[in-house]
Every structure is written in C-alpha cells, then in structure tokens.
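Here are a few exercises to work through with the model open beside you. Try each task before you read its solution.

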Amino acid sequence: MSNRLPLVRTAGELRKTVQGWRKHGEKVALVPTMGALHDGHLSLIKLAKKYADRVVVSVFVNPTQFAPHEDYNSYPRTEEQDWHKLAAGGADAMYAPNVHEVYPGDFATRVEVAGVTQTLEGISRPHFFSGVTTIVAKLFLQCLPDVALFGEKDYQQLLVIKRMVKDLNFPIVIVPGPILREPDGLAMSSRNVYLDARERGLAPQLHAVIKDMAFDLVAEREVEETLAQGVARLESAGFRVDYLEIRDAETLLPLEGIVRQPARVLAAVYLGRVRLIDNVAVLPE
C-alpha cells in the first residue's frame, strides 16, 4: 500500500486527521461499512462528495451485530482490495480499526433504539440493531463527521440510525444512498459472493417479485392479496421467506387495504444458506 490514501488504525489518529481538515474549514462525511466493498459502497463516496470536502470510509466487521450462529467468522474480509477501491473511488481516509481498538476488554455500554427496531429485522435478528447503533454511535464520536451516508438497501437500519441521531442530538446529517443493482436487478451486497451458480441465477427474482408488488399496490390492489401472491411467487421460485411485508415508509407500521401513503415493500429471504434482503418504494399518486 502506498501513501496516497491514509490507512488509519486508531480513534486518536482518526480524530487528528479530521481535525487537520477542519482547520482548513473543510466539511467531513463518513461512510460506515463492513468492507468487502462493491459499487454500492463506492456510490456512497461519490454521493458524499456532494455534501462534504473530505470522505472517511470505515471498514470494520462489527462482532456485536452478529449472533453466535451467524457468519461473523466467515464474513468476507478483503482489506487490501478495499483500500485500492477506496483510493480509486475518491475517499480521503480509510479507517480500519481492530476489534480491541473498538471494544476494549472492559467495554460495557450498549446503545439501543426502541420502537422501529422491534419489527422485521428486529424480530428475525433480535441482537442486530443494538450492535449496529452501538458501533455507529462510536464511529460518529470517533470521526465527528458533518454528514454520514447509509444505503437504502438496509432500509430499516437507515430509519433506526435517523432515530438515534434525532434522539441523541448528534449534529450529523444522515443522507440515504439509493440501492445499486446488478444488471439483472439483484441488489448489490457483500454476501452475494456466498451464492452458488444456481442460486445466483434465481436471486434476481426477489427484486422482480417485490417490484411487481409495488406496481400492484400503486394500481390499488389490496395489501392482503398483494402479500399472499408475493409469498406464493417467492416460495414457488425456491426462496424460503423470512418475512415479506408492506409497511408505512416512515414508521414501518403495517398497512391494510389500499395503500394511500408512501410505503415500502420489504423482504428477507433465504436461498440455501444465504440470506438476502431487499426493498422497493411504493409511491401512490
């Protein structure tokens, strides 16, 4: 690795880097990631440049958001490749701390958000959101950015982070980044590498189904019928459905009948051992 893109390992070093930029009046954006970077991550850097002069990308596989049976140990870790992608993608610093830097042995604090965490992913993965909010709060305090960017693929996570920022008065603007997709419609994800050839061929049907559902809802098809047909289509295609829901876009409360307000179709499914999530907006006229 050359010196063109700073590789920062400690919170102290990160603070010093950011303070140097601020002395010159520069705004700072943070893009939190768990690495194994793809074009979706890089699109957030490009978007961040519209809001800030400098962009920090954190690369940290966060153990507190994984349950014991999940893929923490096998989660793809590609630091050198990530560094090259960030150098080419316009980042100004890569923050890649180790676990002990983030969670020293006597670490004893959790940050939890109620309400919006207690549905969908919060039911399927009850450990998940407290791990996310804890690490994101730490990253915010370590970097002290003006802006932070999160992709809409993790739509519920985006709402959770917005709520945390509002409730805890973080002086940070949260900017959502649109979902980037492969040419066949599959949402880009670091976990897509787990799909075998057969599963990769089936995976784009998830987006096709939920996109059709959104179209039907705008055409005033009722929620109950839309959901039933969506589940049937996914199961017949070979997916195991964790959840498929139509929710209010701001509150994630369930909807019934004909949708009159902005909503989201949100899905989590399994193809073999691989869990895929996706969502699409529903925007009635």
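Helices (H or I, at least four residues) and strands (E, at least two) are DSSP runs, numbered from the N terminus. This is a predicted model, in which local features need pLDDT of at least 70 and side-chain atom pairs count only at pLDDT 80 or more, while totals for chains, interfaces and linings use all residues. Residues are numbered from 1 along each chain as its sequence is written, and side-chain values use heavy atoms, with hydrogens and water left out.

**Exercise 1.** Locate Ser130 and decide: is Ser130 buried or exposed?

*Solution.* Start with the element: Ser130 sits in helix 6. Next, take the cut-offs: buried means under 20% relative accessible area, exposed over 50%, and partly exposed in between (1.4 Å probe, protein chains only). Ser130 has 12% relative accessibility, so Ser130 counts as buried. Finally, list its partners, where contact means heavy atoms within 4.5 Å. Leaving aside neighbours within four places in sequence, Ser130 touches Arg110, Val111 and Glu112.

**Exercise 2.** Work out how helix 1 is oriented against helix 6.

*Solution.* Helix 1 covers residues 11-22 and helix 6 residues 128-143; they pack at about 50°, with axes 8 Å apart. Axes are lines fitted to C-alpha atoms, for helices over the stretch in contact, and angles run from 0 to 180 degrees between N-to-C directions. Under 35 degrees counts as roughly parallel, over 145 as roughly antiparallel, 65 to 115 as roughly perpendicular, and the rest as oblique. Helix 1 is therefore oblique to helix 6. On the helix 1 side the contact is made by Ala11, Leu14, Arg15 and Val18, and on the helix 6 side by Leu141, Gln142 and Cys143.

**Exercise 3.** Describe the surroundings of Gln65, where UniProt, in an unreviewed entry, places the feature "binding site".

*Solution.* A caution to begin: UniProt positions follow the numbering used here, feature names are shortened, and annotations may be inferred rather than shown by experiment. Gln65 lies in the loop between strand 3 (54-59) and helix 3 (79-89). With a relative accessible area of 9%, Gln65 is buried. Beyond neighbours within four places in sequence, its contacts include Met34, Glu70, Arg125 and His127.

**Exercise 4.** Which element supplies the largest share of the largest nonpolar core?

*Solution.* A nonpolar core is a set of buried Ala, Val, Leu, Ile, Met, Phe, Trp, Tyr and Cys residues joined through side-chain atoms within 4.5 Å. The largest one has 44 residues, and Met164 is one of those with the most contacts inside it. Helix 6 gives the largest share of this core, 9 residues.
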